[in-house]
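Please work through the following exercises with the sequence and the coordinates open beside you, and try each task before reading its solution.

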Amino acid sequence: MTETVVGGDWRAWQESWDRQQEWYMPDREERFRVMLDMVEALVGPEPRVLDLACGTGSISDRLLTRFPAAESVGVDLDPALLAIAEGYFAGERRIRFVRADLKDPQWTTKLPYDSFDAVLTATALHWLHTPELRTLYGQLGALVRDGGVFLNADHMPDGATPRINAAERAFRHSRMDRAKEAGAVDWAEWWRLAAADPRLAGPTAERFEIYGEHADGETPTVQWHVDALRTAGFGEARAVWASPTDSLVLALR
């Protein structure tokens with residue numbers, strides 16, 4: 001992490017978030033590529049997108065680069081990540097941000113639109129417990145337009161394969177340890193650096209008051225997500241990409 005980042009350069013903060021996330025998910029860009037492929041295939045290259053639990057706006061960044069005529073609304077509760085997103089996208093007219101709690105039954109009333117062509121999210125909804133996630137999926141069933149899509153890339157482990165899971169975990173952690181020795185920044189260190197930045201110190205403190213150290217939610221299986229999305233009113237749902245630990249589930253309204 002450089003002095004430029006600690007000094008508050010928003011692009012450097014955006015890039016440092018990406019690198020920190022890639023330490024955990026080296027295939028992160030591949031899931032984003034497939035996600036945007038499916039958006040283009042099903043709703044075209046000019047979508048109105050809700051970037052759900054947007055964080056620093058990583059999905060929106062790739063969306064607007066690939067689709068110049070796209071429009072994005074990023075929604076999140078995290079004040080620190082939203083500060084980075086707003087700083088990074090300052091002056092970009094194709095995106096706006098909304099601060100809202102997805103556990104609030106009225107969170108959709110804060111959005112500027114009643115419907116979206118696509119709702120996209122990645123590595124975020126495992127912060128919710130399954131009853132909360134089921135409620136959220138019901139809200140999204142009303143928010144995605146007919147023919148629109150919802151895509152969720154997240155941890156979706158399969159408990160039926162314990163030996164495979166154990167081997168994968170050992171391999172992954174060995175690789176992460178080597179990257180850490182080479183200077184990779186993990187979650188805890190990234191937030192320590194954020195707290196040291198004068199422009200992020202206050203939002204970071206507030207963020208930890210809201211969330212604590214990390215998620216206490218759940219990581220249901222792909223089939224659980226598919227069934228819950230169909231119950232929520234989506235006509236079709238299935239995985240369209242998978243790694244050994246994560247999957248990307250697509251639901252078509």
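## Exercise 1: Two loop residues

Task: State in which loops Ala 53 and Thr 123 are found, and describe the phi angle of Ala 53 and of Thr 123.

Solution. Ala 53 is found in the loop between β1 (48-52) and α4. In this predicted model, the phi angle of Ala 53 is near 55°, which is a positive value in a residue other than glycine. Thr 123, for its part, has its place in the loop between β4 (116-122) and α6. The phi angle of Thr 123 is also positive, at about 50°, although Thr 123 is not a glycine. As a last step, take the accessibility: with a relative value of 18%, Thr 123 counts as buried, because the cut-off for a buried residue is under 20% relative accessible area.

## Exercise 2: Helices α3 and α4

Task: Describe how α3 and α4 cross, and then find which residues make the contact.

Solution. Two packed helices are described by the angle between their axes and the distance between the axes. For helix α3 (residues 28-43) and helix α4 (residues 58-66), the axes come within 11 Å and cross at roughly 55°. The two helices α3 and α4 are therefore oblique to each other, and their crossing is right-handed. On the α3 side, the contact is made by Arg 28, Glu 29, Phe 32, Arg 33, Met 35, Leu 36, Asp 37 and Glu 40, and on the α4 side by Ser 58, Ile 59, Arg 62, Leu 63 and Arg 66. Sorting the residues of this contact of α3 with α4 by character gives five nonpolar, one polar and seven charged.

Task: Decide whether Ser 58 is buried or exposed, and list its contacts beyond the nearby sequence.

Solution. Ser 58 is found in helix α4, and with a relative accessible area of 5% Ser 58 is buried. Once neighbours within four places in sequence are left aside, Ser 58 is in contact with Gln 14, Trp 17, Asp 18, Arg 28 and Phe 32. For a distance to check in the viewer, take the C-alpha atoms of Ser 58 and Arg 94, which are 36 residues apart along the chain and are separated by 14 Å.

## Exercise 3: Helices α6 and α10

Task: Characterise the packing of α6 and α10, including the handedness of the crossing.

Solution. The axes of helix α6 (residues 130-143) and helix α10 (residues 222-231) come within 9 Å, crossing at roughly 40°. It follows that α6 and α10 are oblique to each other, and the crossing of α6 and α10 is right-handed. Thr 130, Leu 133, Arg 134 and Tyr 137 of α6 make this contact with Trp 224, His 225, Ala 228 and Leu 229 of α10. By character, the residues of the contact of α6 with α10 comprise five nonpolar, two polar and one charged. Arg 230 is found in helix α10 as well, and at 43% relative accessibility Arg 230 counts as partly exposed.

## Exercise 4: Helices α5 and α9, and a buried arginine

Task: Give the angle and the axis separation for α5 and α9, and then examine the surroundings of Arg 207.

Solution. Helices α5 and α9 pack at an angle of about 140°, with their axes 7 Å apart. That angle makes α5 oblique to α9. Pro 79, Ala 80, Ala 83 and Ile 84 in α5 meet Leu 200, Pro 203, Thr 204, Glu 206, Arg 207 and Ile 210 in α9. The residues of the contact of α5 with α9 include seven nonpolar, one polar and two charged. Arg 207 lies in helix α9 (residues 198-211) and, at 2% relative accessibility, counts as buried. Leaving aside neighbours within four places in sequence, Arg 207 is in contact with Asp 78, Pro 79, Trp 127, Trp 187, Trp 191 and Gly 212.

## Exercise 5: The nonpolar cores

Task: Which residues have the most contacts inside the largest nonpolar core?

Solution. The largest nonpolar core has 43 residues, and those with the most contacts inside it are Trp 13, Met 35, Leu 120, Leu 151, Trp 190 and Trp 191. Helix α5 (residues 79-88) supplies the largest share of this core, namely seven residues. Apart from this core lies another, of 31 residues, among them Val 75, Leu 229, Ala 237 and Ala 251.

Methods:
Residues are numbered from 1 along each chain as its sequence is written. This is a predicted model: local features need pLDDT of at least 70, side-chain atom pairs count only at pLDDT 80 or more; totals for chains, interfaces and linings use all residues. Side-chain values use heavy atoms; hydrogens and water are left out. Axes are lines fitted to C-alpha atoms, for helices over the stretch in contact, and angles run from 0 to 180 degrees between N-to-C directions. Helices (H or I, at least four residues) and strands (E, at least two) are DSSP runs, numbered from the N terminus. Angles under 35 degrees count as roughly parallel, over 145 as roughly antiparallel, 65 to 115 as roughly perpendicular and the rest as oblique. A crossing is left-handed if the near helix is turned anticlockwise from the far one by less than a right angle, and right-handed if clockwise. Contact means heavy atoms within 4.5 Å. Ala, Val, Leu, Ile, Met, Phe, Trp, Tyr, Cys and Pro count as nonpolar, Asp, Glu, Lys and Arg as charged, and the others, Gly among them, as polar. A nonpolar core is a set of buried Ala, Val, Leu, Ile, Met, Phe, Trp, Tyr and Cys residues joined through side-chain atoms within 4.5 Å. Buried means under 20% relative accessible area, exposed over 50%, partly exposed in between (1.4 Å probe, protein chains only).
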